[in-house]
Amino acid sequence: MLEKALSGSRNYWTWVLSLLAVIGVGVIFYLRQFDYGLGVTGMSRDVSWGLYIGQFTFFVGVAASAVMLVIPFYLHNYKKFGRMVILGEFLAVSAVLMCMLFIFVDMGQPTRVVNMFLHPTPNSVMFFDAVVLFGYLLLNITIGWTSMNAEKKGFAPPAWVKPLVYISIPWAFSIHTVTAFLYAGLPGREYWLTAIMAARFLASAFAAGPALLIILAIIVRKVSKFDPGKEAIKSIGKIVAYAMAANVFFLLLEVFTAFYSSIPGEKNPFFYLYAGLQGHGRLVLLMWTSAILAVISLVLLIVPKTRNTEKTLLAACGAVFASLWIDKGFGLVVGGFVPNPFGTITEYWPTIPESFIVLAVWAIGALVLTILYKVAISIREENAGIEIEH
Amino acid sequence: MSIDRRDFLKMIGASAVFALGGMGVVDGIVKDNVEAEQFRPEPGALLAKQWAMVIDMRKFKTEGDYKRIISACNNIHNIPDFSDSKHEVKWIWTDTFEHAFPEQEQGYAPESLKEMPIPLLCNHCENPPCVRVCPTKATFKRKDGLVMQDMHRCIGCRFCMAACPYGSRSFNWTDPRPHIKKENPDYPTRMRGVVEKCTFCVERLAEGKMPACVEASNGAMMFGDLSDPNSEIRKVLESNYTIRRKSELGTGPNIYYIIGGADNAREGAKRE
Ligand code: SF4
Ligand code: SF4
Ligand code: SF4
């Protein structure tokens, strides 16, 4: 089936080549990092994780969100998602790949990565995270690819795919829960030490992922004959609305606990992120951008008229994605490290090499996604008119 | 001891590729090795069930008292000196009382107490979060309570740095070797991309010597076996009021501080 990715329009090739160019630049910066060490990034003794781990966290959410299509389609027999569900599964595949790459580029000794499996450590959440992510990748590749293959031949997918689909549902929840546990079980990091972390992660994931999916679906419809369906997009819009509302609600719960209890350790990260602390406030502008985008998106999503109009829905989805990208992909990590265990502040800001490496990982994700979508769309275009029962 | 173990692990590392099929076996060997060497200590080695340290702030009078202990550690252990504080590597250092014990915050305490420099190092926690989170067992706790770091297994994920509530761990953001002032050939240097911290001078204990900082402290730091009721540090703990850093977190830190009374606080002012 992969050969379908090898024929395409001029625009398709321009897009693929631009992605390859970005990847190339990132690889050069990565070689520099590989040689010099992680000192090329903005991370420090005090803020020892940065954009890499933040992006990892964010994209685990995107990957998990495929389940928001899988549940209605497979469990509730919601047929309108029939054409969309494959887009979700393939998005999950490329997102998990990005997660793995982000972990990889964050390692100080990447050549020793196998140590994680040579010395399996069940009490380490990171070990579990690696295991569940890998499993999720396999599940989604298998499910997506087999369904596509069957569809190409005009058959329903083989019966053994169904159980895999059912397994993939709790599995999706597990990858993001385990990722939240990376943060939520550490003594002395008050910004992370909260029982609601996993729930917050899931809510933000189920907003950001489907929002991205709407944007992708609209792009796909523009560049191909494949139409994911107006109704499907509308339904996903509703999912984004609920999830985003839950996410903002959870964030407000955190704010209440921190400020009503008035415990300095709980309040200080919020002060640092949203107001600045001890004269340091490099993230303030960014965090407020995220907050304002969240409010705008919520209004657009809750008012039925704007939610059901594709233009405003698209704007809302863009706002959701950007807002959560900042909040979870950046602020969350930094907030756990500032102030440091001594109550003092070391600030973090990504450097140019670090940013280009991040861009390259996105480009790899985008490339994989492009190829998978291209295959899926070509098959759909060929089989246009034939409706397949999953 | 450390050299043997390192070499051994290197060997294991090299054969790891072949061992993919026999993961359990490799693990078994490594574990046995650790335990075997703990059961067969070299003659003359200092042994304990739980090593711990008491730092008596009453005995730190001058700036030199601090410098001595810190350079003792730095010189022996090939600690690099980075001008950029973001890339700093430190095993023992000082910070103010206020920063070391933020939970003791008290606005009306004498300035001299708030500003008193406190020596800080890894607490060799009884229940160490750094060990709990490490995905490769590169950081592990020995039977004598030492929390150790295997530089040859560490993948540099820095999960342990996020987990340590004391800021005790340093990462080698770049090659530390060019930044070592005078290399001690008897102690290994580290490479970029791995985490390190105070080892309670495991290599000296194995030779029957006290930790370097303790030796250089002129009695201001004491080191001994917490599980032995007759040990010096048990006596000191029984007869003095001591505090530990963030003990409310349940980590069980094994560094105890005697801060001293008002007299000492007044003295503290002179040390700056
Ligand atoms: S002080 Fe930090 S590094 Fe040392 S044992 Fe405790 S948690 Fe681990
Ligand atoms: S940085 Fe090294 S020691 Fe620390 S958790 Fe990762 S592998 Fe373990
Ligand atoms: S015990 Fe040894 S390793 Fe630890 S700070 Fe003192 S001299 Fe350094």
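**Exercise 1.** With which residue does A:Arg380 form a salt bridge, and how far apart are the closest N and O atoms? Work from the predicted model, and characterise the environment of both partners.

*Solution.*
Step 1. The partner of A:Arg380 is A:Glu151, and their closest N and O atoms lie 2.2 Å apart.
Step 2. Locate the two residues: A:Arg380 belongs to helix 14 (residues 352-382) of chain A, and A:Glu151 to helix 6 (residues 125-153) of chain A. The pair links distant parts of the chain, 229 residues apart.
Step 3. Assess accessibility against the cut-off for buried residues, which is under 20% relative accessible area. A:Arg380 has 10% and is therefore buried; A:Glu151 has 7% and is therefore buried.
Step 4. Place the pair in context: over all chains, the structure holds 17 salt bridges. In chain A, a network of salt bridges links A:Arg200, A:Glu254 and A:Asp327.

**Exercise 2.** Describe the interface between chain B and chain A, including its salt bridge.

*Solution.*
Step 1. Establish the extent: 51 residues of chain B contact 43 residues of chain A. The two chains bury about 3,900 Å² between them, with 56% of this area on carbon and sulfur atoms.
Step 2. Count the polar interactions: 28 residue pairs are in polar contact between the chains, both residues being at pLDDT 80 or more.
Step 3. Identify the composition of the side of chain B that touches chain A: 27 nonpolar, 10 polar and 14 charged residues.
Step 4. Turn to the charged pairs. One salt bridge is counted between chain B and chain A; the side chains of B:Arg158 and A:Asp106 meet in a salt bridge with an N to O distance of 2.6 Å.
Step 5. Name the contributing elements. Those of chain B that give two or more residues to this side are helix 2 (23-39), strand 2 (92-96), helix 6 (129-133), helix 7 (159-163) and strand 6 (170-171).

**Exercise 3.** Trace the surroundings of B:Asp56, considering both its bridge partner in strand 9 and its salt bridge.

*Solution.*
Step 1. Strand 1 (residues 51-56) of chain B pairs with strand 9 of chain B in the parallel sense, over four bridges. Within strand 9, B:Ile258 is the bridge partner of B:Asp56.
Step 2. Examine strand 9 (residues 255-258): B:Ile255 and B:Tyr257 point one way, B:Tyr256 and B:Ile258 the other way, and all are buried.
Step 3. B:Asp56 also forms a salt bridge with B:Arg58, at 3.0 Å between the closest N and O atoms.
Step 4. Compare the partners: B:Asp56, at 2% relative accessibility, is buried, whereas B:Arg58, at 33%, is partly exposed.

**Exercise 4.** Which parts of chain B are tied together by the pair B:Arg204 and B:Glu215?

*Solution.*
Step 1. The two residues form a salt bridge whose closest N and O atoms are 2.8 Å apart.
Step 2. Because B:Arg204 lies in helix 8 (residues 202-205) and B:Glu215 in helix 9 (residues 212-216), the pair ties together parts that are 11 residues apart in sequence.
Step 3. B:Arg204 is buried at 9% relative accessible area, while B:Glu215 is exposed at 52%.

**Exercise 5.** Is B:Thr139 buried or exposed, and which residues does B:Thr139 touch?

*Solution.*
Step 1. B:Thr139 is found in strand 4 (residues 139-141) of chain B and, with a relative accessible area of 3%, is buried.
Step 2. Leaving aside residues up to four places away in sequence, B:Thr139 touches B:Cys130, B:Val131, B:Cys134, B:Val147, B:Met148, B:Gln149 and B:Arg169.
Step 3. The side chains of B:Thr139 and B:Arg169 are joined by a polar contact of 2.7 Å.

How values were computed:
Residues numbered from 1 in each chain as written. Chains lettered and ligands numbered in written order. Predicted model: local features only at pLDDT ≥ 70, side-chain atom pairs only at ≥ 80, totals over all residues. Heavy atoms only, no water. Contact = heavy atoms within 4.5 Å. Buried area = accessible area lost by both parts, 1.4 Å probe. Salt bridge = Lys/Arg side-chain N within 4 Å of Asp/Glu carboxyl O. Polar contact = N/O pair within 3.5 Å; in protein donor to acceptor, adjacent residues only side chain to side chain. Nonpolar A, V, L, I, M, F, W, Y, C, P; charged D, E, K, R; others polar. Buried < 20%, exposed > 50% of the residue type's maximum accessible area, 1.4 Å probe, protein only. Pairing = 2+ DSSP bridges.
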